[in-house]
Amino acid sequence: MEIIDEIEEASLNVADLRHRKEEGELISDDEIAQMEKEIEEKAEKLEVINNEFRTGITDKFVGECYITFNTNEEMINVVDHWKLSASNRLKEDLKMNLYKFQGHLLKVERAPEPSDIFWENAGISKKEKYRRRTLTLIGTILVIAFCFWLVYLCKIQKEKVVDEFASKDNKGTADVVA
């Protein structure tokens, strides 16, 4: 998270300034106080973001994370340890224990290959994905229905033209259609 990196960097800078001041460099207390104030403001901002996540106010949290392991064996051990069957997931959902994070049941599974992940869709909520898929399905059905309607109209028009020519052929007079 970017804000955490900023807080860590600012904290290191304050520690560096204090160390340099102790060694005799001319560094004002105001400069250190200003940096500490910035750290406090960023920490407050981080707390607001954390509260938004906990209460579900924000839509910034994707709800997924990807972890990289050094070895395949580590990955297999973690997935096996956290893997739950459907019935166990239901049981664990009803009680508080190790399988929950901030009140939400964890689901651990092997991630797809990075090239198979649509990264631009990573920040889209399940509700929004469902809405988009539903709209796409409705649009597809409408296009297919329109195409069937066109084919049906063409078939009816063809039958009319064939019947018209057949009736004029029987009379011996055929009009030229322009």
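**Close-up views of charged side chains**

**View 1. Arg132 and Glu128 meet through their side chains in a salt bridge, with 3.0 Å from N to O.** Like every view here, this one comes from a predicted model. Both Arg132 and Glu128 belong to helix 5, where they sit four residues apart, about one turn of the helix. Arg132 is partly exposed, its relative accessible area being 41%. Elsewhere, Asp16, Arg20 and Glu25 are worth a look too: salt bridges with shared partners join these three into one network.

**View 2. Glu128 also forms a salt bridge with Arg131, at 2.8 Å from N to O.** Here the spacing along helix 5 (residues 126-171) is three residues, again about one turn of the helix. How exposed are the two partners? Glu128 has a relative accessible area of 22% and is partly exposed. Arg131 is partly exposed as well, with a value of 43%. If you are following Glu128 from the previous view, keep both arginines in sight: Arg131 pairs with Glu128 in this view, and Arg132 does so in View 1.

**View 3. Lys21 and Asp29 are joined by a salt bridge whose closest N and O atoms lie 1.9 Å apart.** Is Asp29 buried or exposed? Asp29 counts as exposed because its relative accessible area, 51%, is over the 50% cut-off. Lys21, on the other side of the pair, is partly exposed at 31%. As a reminder for this kind of view, side chains of opposite charge can pair when their charged atoms come close. How many salt bridges does the model hold? The count comes to seven, and the Lys21 and Asp29 pair is one of them.

**View 4. Glu2, Asp5, Glu8 and Glu9 form a negative surface patch.** After the paired charges, this view turns to acidic residues without such partners. Members of a patch have no salt bridge and have over 30% relative accessible area. Glu8 makes a handy landmark for finding your way around: this residue is found in helix 1, which spans residues 2-22. With a relative accessible area of 48%, Glu8 is partly exposed, so Glu8 clears the 30% that a patch member needs.

Notes. Residues numbered from 1 in each chain as written. Predicted model: local features only at pLDDT ≥ 70, side-chain atom pairs only at ≥ 80, totals over all residues. Heavy atoms only, no water. Patch = residues over 30% accessible without salt bridge, like charges linked within 9 Å, V, L, I, M, F, W, Y side chains within 5 Å. Areas by Shrake-Rupley, 256 points an atom, 1.4 Å probe, with all protein chains shown as cover. Salt bridge = Lys/Arg side-chain N within 4 Å of Asp/Glu carboxyl O. Lys, Arg positive; Asp, Glu negative; His and termini not counted. Charge placed at Lys NZ, Arg CZ, Asp CG, Glu CD. Helix = DSSP H or I, 4+ residues; strand = E, 2+ residues; numbered from the N terminus. Buried < 20%, exposed > 50% of the residue type's maximum accessible area, 1.4 Å probe, protein only.
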